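Thank you all for coming; please bring up the model on your screens, and I will walk you through it slowly, starting from the inside and working outwards.

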Amino acid sequence: MNHKIAIISYIHGNTTALQAVISGAQKLGANEYWLLGDILLPGPVENDLFDLLKSIPITAAVRGNWDDCVLKALDGEYGLDEPQEVQFLHLTQYLMGRIDPAHIAYIRNLPMMALKEVNGLRFALSHNLPDKNYGANLQVTKPTEDFDRLVTADIDVAVYGHIHKQLLRYASSGQQILNPGTIGMPYFDWQSLQNHRAQYTLIEVEEDGLTNISFRKVGYDYEAELAKAVEKGMPYIELYEELRREDNYPGHNNDLLARLNAKYAYDQDVVGFFEYLAVT
């Protein structure tokens with residue numbers, strides 16, 4: 001059987017971009033999808049995003065680090081001392097007012113790593129490292145030895161997400177390593193490459209092996225996605241505006257987060273939510 005597999009990652013709540021990617025993959029004949037995590041936030045997630053995911057044949061999925069951030073917030077593992085903790089609590093508060101809790105149960109049950117065998121080829125799927133779905137271990141400029149942590153002797157191809165960039169390289173022992181890029185949170189270190197398109201990768205696995213790898217970039221109406229976030233009262237809209245228009249998300253800027261928390265009283269608004277989580 002000829003498998004056409006669309007590998008998707010880093011949706012980050014961007015339903016508009018996800019729809020464009022699915023439409024593009026369907027036109028190219030994708031008959032299977034692998035999902036590498038970071039479904040949630042900072043975009044205005046609602047049930048329609050999960051309806052889109054349910055509409056396609058996802059045959060493998062793993063959990064991303066932003067998904068874990070939501071789970072940690074719901075499990076009461078965040079406090080109120082650090083601006084970024086307040087941010088994740090408030091974004092989670094917003095999220096839980098808009099989606100069916102069953103979707104959280106789905107994410108909670110996703111593994112850190114998945115294995116797939118397709119026409120005799122053995123694939124390992126992870127969001128980042130097999131046992132660590134966060135960190136900068138696998139940025140594009142890291143040495144080959146770091147990427148060797150993705151493969152073992154019984155793996156032919158390793159597929160991971162997390163770094164926001166499409167990538168093809170090889171392990172020291174010759175296995176192939178792929179990164180499909182990001183649907184909802186593109187980063188470009190070289191400004192001339194910036195084009196606001198949603199990224200995914202389509203691979204073809206035929207009877208004689210992996211025959212085609214196509215890195216795709218799909219245009220979508222990012223201003224419409226931003227307008228939707230504004231209309232829905234998305235917290236930290238300034239950050240989402242910069243992400244949609246500048247392909248940059250300044251969410252690690254604690255000074256900026258502290259100013260926004262104070263400006264909109266997010267730190268006060270989240271107190272009740274935090275107290276609610278502590279007793280449930």
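**Cores, sheets and a pocket**

In the largest nonpolar core there are 62 residues, and of these Ile8, Leu18, Ile39, Leu40 and Leu53 touch the most other members. Set apart from that core is another one, of 16 residues, which includes Ile5, Ile7, Ala60 and Phe123. Before I go further, I should say that what you are looking at is a predicted model.

Let me stay with Ile8 for a moment. Which residues is Ile8 in contact with, once its neighbours within four places in sequence are left aside? The contacts are Leu18, Val21, Trp34, Leu35, Leu36, Leu53, Ile56, Ile183 and Tyr200. One of these, Leu35, is also the bridge partner of Ile8 in β2, and the strands concerned, β1 and β2, pair in the parallel sense over four bridges.

That pairing belongs to a sheet, so to speak our first landmark, and I would like to go across it strand by strand. The sheet is open and has five strands in the order β3-β2-β1-β9-β10, with mixed pairing. At its edges are β3, residues 58-61, and β10, each of which pairs on one side only. On average, neighbouring strands of this sheet are turned by 20° against each other, direction ignored.

Now to strand β9, which covers residues 198-206. How many of the nine residues of β9 are buried? Eight of them are, and the strand is accordingly described as mostly covered. On one side β9 is joined to strand β1, residues 3-8, by five bridges, with the two strands running antiparallel, and within this pairing Thr201 of β9 is the bridge partner of Ile7. β9 also pairs with strand β10, residues 209-218, again in the antiparallel sense and over nine bridges. Here Ile203 stands opposite Ile213 in β10, and the link from β9 to β10 is a hairpin of two residues. As a general reminder for anyone following the side chains, those of a regular strand alternate between the two faces of the sheet.

Lying across β1, β2, β9 and β10 is helix α1, residues 15-27, which runs at about 30° to β9.

Let us turn to the other sheet that I want to show. This is an open sheet of five strands, with mixed pairing, and the order is β4-β5-β6-β8-β7. Its edge strands, each pairing on one side only, are β4 (113-118) and β7 (166-170). From one strand to the next the twist averages 20°. Inside this sheet, strand β6, residues 157-160, runs parallel to strand β8, residues 176-180, and three bridges join them; Ala158 is the residue that stands opposite Ile177 in β8.

Next, the open space. In the largest pocket there is about 390 Å³ of space. Which residues lie nearest the centre of this pocket? Of the 19 residues that line the pocket, those are Asn65, Trp66, Gln84, Phe88 and His252. Two helices, α3 (65-74) and α4 (83-96), are the elements that give two or more residues to the lining.

While we are at α4, please find Gln93, which is placed in that helix. Is Gln93 fully buried or partly exposed? With a relative accessible area of 23%, Gln93 is partly exposed, because the cut-off for being buried is under 20%. Its C-alpha atom and that of Leu74, which is 19 residues away along the chain, are separated by 8.8 Å. Beyond its neighbours within four places in sequence, Gln93 is in contact with Asp269, Val270 and Phe273.

I will finish with some details of the backbone. Most residues other than glycine have a negative phi, and most peptide bonds are trans. Leu41 and Pro42, however, are joined by a cis peptide bond, with omega at about 5°, and Pro42 is placed in the loop between β2 (32-35) and α2 (47-54). His164, found in the loop between β6 and β7, has a positive phi, near 70°, and at 10% relative accessibility His164 counts as buried. Asp247, for its part, sits in the loop between α8 (237-246) and α9 (254-263); its phi is also positive, near 55°, and Asp247 is buried, with a relative accessible area of 5%.

Technical notes. Residues are numbered from 1 along each chain as its sequence is written. This is a predicted model: local features need pLDDT of at least 70, side-chain atom pairs count only at pLDDT 80 or more; totals for chains, interfaces and linings use all residues. Side-chain values use heavy atoms; hydrogens and water are left out. Buried means under 20% relative accessible area, exposed over 50%, partly exposed in between (1.4 Å probe, protein chains only). Two strands pair if DSSP finds at least two bridges between them. A nonpolar core is a set of buried Ala, Val, Leu, Ile, Met, Phe, Trp, Tyr and Cys residues joined through side-chain atoms within 4.5 Å. Contact means heavy atoms within 4.5 Å. Axes are lines fitted to C-alpha atoms, for helices over the stretch in contact, and angles run from 0 to 180 degrees between N-to-C directions. On a 1 Å grid over the protein atoms alone, a cavity is a set of points where a 1.4 Å probe fits but cannot get out, and a pocket is an open set with protein on both sides within 12 Å along at least five of seven lines; lining residues have an atom within 4 Å of a point. Grid points are joined across faces, edges and corners, and a volume is the space filled by probe spheres set on the points.
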